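Subject: Structure for you, with notes

Hi,

Here is the structure I promised to send over. My notes follow below it.

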Amino acid sequence: MGEKIVVKVGTSTLTYENGRLNFRRMENLCKVLCDLQNRGNKLLLVSSGAIAVGMGKLALPERPVETKQLQALAAVGQCELMFMYDKFFGEYNHTVAQILLTKHVVETEPKQNNVINTVETLLNMNILPIVNENDTVAIDEMPGENFGDNDMLSAMVAEMIHADRLIILSDIDGLYDKNPRQYSDARLITNISRIDESVFKMAADGAGSKRGTGGMKTKLSAAQYVTQSGITCSIINGKRPENLYDIIDNKCIGTTFTASGK
Ligand code: ADP
């Protein structure tokens, strides 16, 4: 029986600088995910990208700042994003389903159970659930009311469905001992068994690109959350979706955070 894996993909992996979808990369990612399903893995994809795709679709030169405009863009973009996923997975005869979540839903037990039941049923039908935060409902100026980025959402979903692994696809090869965008001598760390303050100190604040959201710190929080629940977490470069094969075959790429008790 293959592993149950949550894969998280960020906006900077899915889109070009101008916000338009990177079809080549997205198609390649979908092909690899279909193949991994054929190999017997149960997969759930947490995908960002709705606002960026909305910007591309409406040809906006830059990201608006007003909340209601962001919500409108997310609504347009989510539809387009799912349309493309449906098309690419459909090429390999695989079926996807959309699940939009809020922090409130994930943290409220009866509602959380509804999500778990739906995901389990979909996975048993070999359907790939694609999860995103429901921005129309969730975008809020109140700190703590929403996830803000999908790193933590993917961690909570992985824990909820008792996944074996969380794999975060990023715009960088993994965690470096200092921000490689600032320091040319930064070194990639391949394995971390304990995420403490010294690990958090390696990550600089903020996202690496205009389209990135959480940055390395939120990825570390996500890794800390899942590893405490016995789930292995890896951060790998999303530029090459085939990296997913290597990490599942336990080859040494990216950064892997070993689950506690493993
Ligand atoms: P994504 O869109 O892939 O989720 P983010 O921009 O949110 O990416 O986060 C990854 C970025 O975090 C990197 O591109 C890099 O600029 C930044 N970063 C800060 N500190 C580190 C570090 N120690 N190691 C790797 N990346 C770091």
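Glu-133 is buried, because its relative accessible area is 6%. Buried means under 20% relative accessible area, exposed means over 50%, and partly exposed lies in between (1.4 Å probe, protein chains only). Glu-133 sits in strand 4. Its C-alpha atom is 20 Å from that of Cys-30, and the two residues are 103 apart along the chain.

A word on what you are looking at. This is a predicted model, with residues numbered from 1 along each chain as its sequence is written. Local features need pLDDT of at least 70, and side-chain atom pairs count only at pLDDT 80 or more, while totals for chains, interfaces and linings use all residues; side-chain values use heavy atoms, with hydrogens and water left out.

The whole chain

The chain has eleven helices and eight strands. These are DSSP runs, numbered from the N terminus: helices are H or I with at least four residues, strands are E with at least two. The C-alpha trace spans about 45 × 40 × 40 Å along its principal axes. The radius of gyration is 17 Å, which agrees with the value near 18 Å for a compact globule of 262 residues. That radius is taken over C-alpha atoms, and the globule rule is 2.2 Å times the number of residues to the power 0.38.

Of the 262 residues, 53% are buried. Take the contacts with a separation of 6 or more: 72% of them join residues 24 or more positions apart. Contact means heavy atoms within 4.5 Å. The accessible surface is about 12500 Å², and carbon and sulfur atoms supply 48% of it. Areas come from the Shrake-Rupley method with a 1.4 Å probe; for residues, only the protein chains shown count as cover.

On charge, there are 28 positive and 31 negative side chains, and the centres of the two sets lie 5 Å apart. Lys and Arg count as positive, Asp and Glu as negative; His and the chain ends are not counted. Each charge is placed at NZ of Lys, CZ of Arg, CG of Asp or CD of Glu.

Two covered helices

Helix 3 covers residues 50–57, and seven of its eight residues are buried. Among them are Ile-51, Val-53 and Met-55. What do the buried residues of helix 3 pack against? They meet helix 1 (11–14), helix 4 (67–91), strand 4 (128–133) and helix 7 (135–138).

Helix 8 (residues 150–160) is largely enclosed by the rest of the structure, because nine of its eleven residues are buried. The buried set includes Asn-150, Asp-151, Leu-153 and Met-160. Asp-149 caps the N-terminal end of helix 8, with a side-chain oxygen 2.7 Å from the backbone nitrogen of Asp-151.

Lys-219 and Val-9

Lys-219 is in helix 10 (residues 216–227). Is this lysine buried or exposed? Lys-219 counts as buried, because its relative accessibility is 8%. Its side chain reaches the backbone oxygen of Gly-215 at 3.4 Å. That is a polar contact: a pair of N or O atoms within 3.5 Å, where within protein one must be able to donate a hydrogen and the other to accept it, and residues adjacent in sequence count only if both atoms are side-chain atoms. Leaving out residues up to four places away in sequence, Lys-219 touches Lys-8, Asp-151, Ile-168, Ser-170 and Ile-235. Asp-151 is also one of the buried residues of helix 8.

Val-9 is in strand 1 (residues 4–9). Its relative accessible area is 0%, so Val-9 is buried. Beyond four places in sequence, the residues touched by Val-9 include Leu-14, Leu-29, Tyr-85 and Leu-169. The C-alpha atoms of Val-9 and Gly-49 are separated by 8.6 Å, with their positions 40 residues apart along the chain.

Positive phi angles

Most residues other than glycine have a negative phi. Here are some with a positive one.

- Ala-59, just after helix 3, has a phi of about 55°.
- His-162 follows helix 8, with a phi near 55°.
- Asn-126 has a phi of about 60°. It is in the loop between helix 6 (109–124) and strand 4, and is partly exposed at 39% relative accessible area.
- Asn-250 also has a phi of about 60°. It is in the loop between helix 11 (243–248) and strand 8 (255–257), and is exposed at 61% relative accessible area.

Best wishes
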